[in-house]
Amino acid sequence: MSTKVAIVTGSNKGIGLAIVRALCKSYQGDVYLTSRDVGRGEAAVKNLGEEGLKPLFHQLDINDVNSITAAAAFFKQKYGGVDVLVNNAGIAFKHADTTPFATQAEVTLKTNFFATGDMLTHFLPLIKAGGRVVNVSSFVGSRTLNQCSPALQQRFRSEDITEEELEGLMQRFVDQTKKDEHKKGGWPETAYGVSKCGLTTLSMIHARRLSKERPNDGILLNACCPGWVRTDMAGDKAPKSPDEGAITPVYLALLPPGATGPHGKFVSDKEVQPW
């Protein structure tokens, strides 16, 4: 029986670290903490080791396709594939940040949408039968969806939107911010919200594709909101601790064998939410 393996991106701190901690306690298999920075990642592994936990480390920078392909090759060679993938890596600019909005849009979508998309492109073929894929999104994405123009809302909610169309819409948002035409184009003033709206929609596209292309494999893929969590990214006023924020992503990562759902849903507090 080959060893099972779970991977969490962007997990040297915050919610990602809390997800690794929880998986180390309850997942029957190897758990990989990954981060862009090797020193920070190894320090995080050491700290969890002092808690009596035994995560493993692998360098992974989702903004670097070479890093993604190297990691994919490693997991394929060592484990024959991947059982659990939690796409947690993401960024957000602070409200007070004075970086021009167009720059914020480009940088935020590059990581939260396009780089996570690259992870899915390279890792979904490696997901084994019975596998679980969890994309950490946000309720800000669904709130943003409701602030988009009716035409954009219709496309984001459509069952026939393709990955290519979605990528085009995300790029259009970035391009329109550079000309300060995004509001005219039907977009609200939130790069983070648009990135997470895109990620949740992308999750639904990939879930539909899995159901069609691998109907008998029992893979469940979902997007989720961890809630408002006290992290470097979200600030210290948030009501949830990182360990509380990890509850829903870990619940989806550990859906029992044979479960038929949720799949292709947006989940918060372990409940499927409307989209």
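A disulfide is a pair of cysteine sulfur atoms within 2.5 Å. That cut-off is handy for a look at the cysteines of this predicted model. The structure turns out to hold zero disulfides. Take Cys148: it is in no disulfide, and the nearest cysteine sulfur, that of Cys197, sits 5.3 Å away. Cys148 is also buried, because its relative accessibility is 5%. Then there is Cys224, whose closest cysteine sulfur belongs to Cys225; the two sulfurs are 7.3 Å apart, so they are too far from each other for a bond. Cys224 counts as buried too, with a relative accessibility of 0%.

Now for the greasy parts. In soluble globular proteins, nonpolar side chains tend to be buried together. Here, the largest nonpolar core has 45 residues, and the ones with the most contacts inside it are Phe75, Phe123, Phe156, Phe173 and Trp187. Quite a list of elements chips in with at least two residues each: strands S1 (5-8), S4 (82-87) and S5 (127-136), along with helices H3, H4 (101-123), H6 (150-157), H7 (163-178) and H8 (191-213). The most generous of them is H4, which gives eight residues to this core. Apart from this core lies another one, of 30 residues, including Ala18, Leu33, Val134 and Val136.

What does Phe173 touch, once its neighbours within four places in sequence are left aside? Its contacts are Phe101, Ala105, Leu109, His182, Trp187, Pro188, Thr190, Ala191 and Val194.

Helix H3 deserves a closer look. Its 15 residues, at 1.5 Å a residue, should span 21 Å, and this agrees with the end C-alpha atoms, which are 21 Å apart. Inside H3, the residues Ser67, Ile68, Ala71, Ala72, Phe75 and Tyr79 are buried. Looking down the helix axis, the buried residues of H3 fall within an arc of 135 degrees, so they line one face of the helix. Flip to the other side of H3 and Asn66, Lys76 and Gln77 are exposed. As for what the buried residues of H3 pack against, the partners are S1, S2, strand S3 (56-59), S4, H4 and S5.

The aromatic rings add another layer to the picture. A pair of aromatic rings is described by the distance of the centres and the angle of the planes. The count for this structure comes to 11 aromatic pairs. In one of them, the rings of Tyr32 and Tyr79 have centres 5.9 Å apart and planes at 85 degrees, so this pair is edge-to-face. The pair ties together distant parts of the chain, since Tyr32 belongs to strand S2 (residues 30-35) and Tyr79 to helix H3 (residues 65-79), 47 residues apart. Both Tyr32 and Tyr79 are buried. Ring pairs also join Tyr32, Phe74, Phe75, Tyr79 and Phe123 into a cluster.

One last stop is Asp61, in the loop between S3 and H3. Is Asp61 buried or exposed? Asp61 is buried, because its relative accessible area is 16% and the cut-off for buried is under 20%. Not counting residues up to four places away in sequence, Asp61 touches Arg36, Ser67 and Ile68. Two of these partners, Ser67 and Ile68, are among the buried residues of H3. Asp61 and Leu33 are 28 residues apart in sequence, and their C-alpha atoms are 12 Å apart in space.

Conventions:
Residues numbered from 1 in each chain as written. Predicted model: local features only at pLDDT ≥ 70, side-chain atom pairs only at ≥ 80, totals over all residues. Heavy atoms only, no water. Phe/Tyr/Trp six-rings, centres within 6.5 Å; stacked < 30°, edge-to-face > 60°. Helix = DSSP H or I, 4+ residues; strand = E, 2+ residues; numbered from the N terminus. Buried < 20%, exposed > 50% of the residue type's maximum accessible area, 1.4 Å probe, protein only. Core = buried A, V, L, I, M, F, W, Y, C linked by side-chain atoms within 4.5 Å. Contact = heavy atoms within 4.5 Å. Expected span 1.5 Å × (residues − 1). Arc of directions from axis to C-beta.
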